[in-house]
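These are my notebook entries on one structure. I record below what I looked up, entry by entry.

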Amino acid sequence: MRGVRTVGGVFELVEVPEPEGDGVLVEVASAGICGSDLHMAGFGLPTTFGHEVAGRTADGTEVAVRPTRTCGTCDRCLVGEVQQCRDMALYGLAVDGGMADRVIVDSSCVVALPEGLSVADACLVEPVAVSVHAVATAGIVTGHRVLVVGGGTVGLTAVAAARAVGADVDVSARHPHQQAAAERLGAGTEALGEYDVVVEAAGTEGALVTAIDHARPGGTVSLPGVYWDGLALPNVMTMFLKEVRLVPSSMYGCARGVHAHGASGPGADPGPDADPVGELRVAARLLVEVPDLAAAVVTHRFGLDEAAEAFRVAADRSAGAIKVVLEP
């Protein structure tokens, strides 16, 4: 079986063992390349990459994969905060992922696709869920002015997630093709004045400076981006004087806020009986409700045997890449 791993810090397609053990076997149809994959090239991981994955089960059911395998028994899981699980394993990191012909995942990590969502686009369910969670934890609601800093996949999917709850959204993006994608999704492309919430989706210190500067007094900066190089907290005095709240947002879990049954407010905790893949289900519906989302975000598709070239393109944002997808 074919799979993408790193050899000497370089992504290569190699022969890997067939998946074995308990779980659901998924024939992979699409797998997205994430910025975190690029950052982990030199980590020397012995596992197959791929955490943005969709495919078909043995009975032909089309599914997306939740790559966070949670324990279900720790104190955080028991209150519905599965994204804070104390014993989480990640497919594509600690466990073999889906940049391969096939992958086995725990049954709790399988999300059946809604009608109208192509399995070729369903690898986007995972990154869209990241943005759904960021919008929920930041408390974005109808009428908010929202700025998204960063025009990559998380930034653009945050546009769709924020607009879905009724926010007015602008984007601060570096590249013209990112700005064009943001416009296609209904966002403005200039950062003008102050905003109720700023989503910092670039994961850089400069982007955080921009986010704090544009947050209104008492506003919120949502942090779904990953600061791989660490961070010296900038704009401390500005943040202090405006009482800006920094709200980290990690992955995804049970649906909350306007998407959670019985929730009492935009940031309401999901509760112990909530669906642990709830935000992925919300993400899948959003991809159906916003048909331009996949078309705006996916810029390149490659066969699995073209993995090396796919990773080269994914690393070159200036050449027009946003989301690069592998299709076995």
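**Entry 1: helices α3 and α8**

I began with the contact between two helices in this predicted model. From α3, the residues Val125, Val128, Ala129, Val132, His133 and Ala136 take part; from α8, they meet Glu279, Leu280, Val282, Ala283, Ala284, Leu286 and Leu287. I sorted this contact of α3 with α8 by class and noted eleven nonpolar residues, one polar and one charged.

I then turned to the geometry. Two packed helices are described by the angle between their axes and by the distance between those axes. For helix α3 (residues 125–137) and helix α8 (residues 278–289), the axes come within 8 Å and cross at roughly 110°. I therefore entered α3 as roughly perpendicular to α8, since angles of 65 to 115 degrees fall in that class.

**Entry 2: cysteines**

How many disulfides does a search of the whole structure find? I noted zero. A disulfide is a covalent bond between the sulfur atoms of two cysteines. I looked up Cys34 and found it in no disulfide, its nearest cysteine sulfur being that of Cys123, 11 Å away. Cys123 is likewise in no disulfide, and the nearest cysteine sulfur to it is that of Cys34, at 11 Å. A pair would have to lie within 2.5 Å to be counted, so I left both cysteines unpaired.

I also checked accessibility. Cys34 counts as buried at 18% relative accessibility, and Cys123 is buried with a relative accessible area of 1%.

**Entry 3: Arg5**

Is Arg5 buried or exposed? With a relative accessible area of 18%, I recorded Arg5 as buried, because the class covers values under 20%. I located Arg5 in strand β1 (residues 2–7).

Next I listed the polar contacts of its side chain. The side chain of Arg5 reaches the backbone oxygen of Pro46 at 3.2 Å. The side chains of Arg5 and Asp96 are joined by a polar contact of 3.3 Å. Pro46 and Asp96 also appear among the residues that Arg5 touches beyond four places in sequence, a list including Val10, Phe11, Glu12, Thr47, Thr48 and Phe49.

**Entry 4: Thr57 and Glu62**

I took these two residues together, as strand β5 (62–65) bounds the loop that holds Thr57; the other boundary is β4 (52–56). Thr57 counts as buried at 14% relative accessibility. I found a polar contact of 2.5 Å between the side chains of Thr57 and Asp59. With neighbours within four places in sequence left aside, Thr57 is in contact with Val24, Leu25 and Val63.

Glu62 has its place in strand β5, and at 30% relative accessibility I entered Glu62 as partly exposed. The side chains of Glu62 and Arg56 are joined by a polar contact of 3.3 Å.

Which residues does Glu62 contact once neighbours within four places in sequence are left aside? I listed Gly55, Arg56, Val111, Ala112, Leu113, Leu117 and Val119. For Ala112 I also looked up the C-alpha separation from Glu62: 6.1 Å, with the two residues 50 apart along the chain.

**Entry 5: Asn235 and Glu243**

I checked two residues that are not glycines for their phi angles. Asn235 has a positive phi of about 55°, and Glu243 has a positive phi of about 50°. I placed Asn235 in the loop between β13 (215–223) and α7 (236–242), and Glu243 in the loop between α7 and β14.

I then compared their accessibility classes. Asn235 counts as buried at 19% relative accessibility, whereas Glu243 counts as exposed at 61%.

**Entry 6: Arg245**

I closed with Arg245, which lies in strand β14 (residues 245–248). Arg245 counts as partly exposed at 44% relative accessibility.

What does the side chain of Arg245 make a polar contact with? I found the side chain of Thr220, at 2.6 Å. Outside four places in sequence, Arg245 touches Ala138, Gly219, Thr220 and Val221. As a last item I looked up Glu18, which is 227 residues from Arg245 along the chain; the C-alpha atoms of the two are separated by 47 Å.

Note on methods:
Residues numbered from 1 in each chain as written. Predicted model: local features only at pLDDT ≥ 70, side-chain atom pairs only at ≥ 80, totals over all residues. Heavy atoms only, no water. Axes fitted to C-alpha atoms, helices over the stretch in contact; angles between N-to-C directions. Helix = DSSP H or I, 4+ residues; strand = E, 2+ residues; numbered from the N terminus. Parallel < 35°, antiparallel > 145°, perpendicular 65-115°, else oblique. Contact = heavy atoms within 4.5 Å. Nonpolar A, V, L, I, M, F, W, Y, C, P; charged D, E, K, R; others polar. Buried < 20%, exposed > 50% of the residue type's maximum accessible area, 1.4 Å probe, protein only. Polar contact = N/O pair within 3.5 Å; in protein donor to acceptor, adjacent residues only side chain to side chain.
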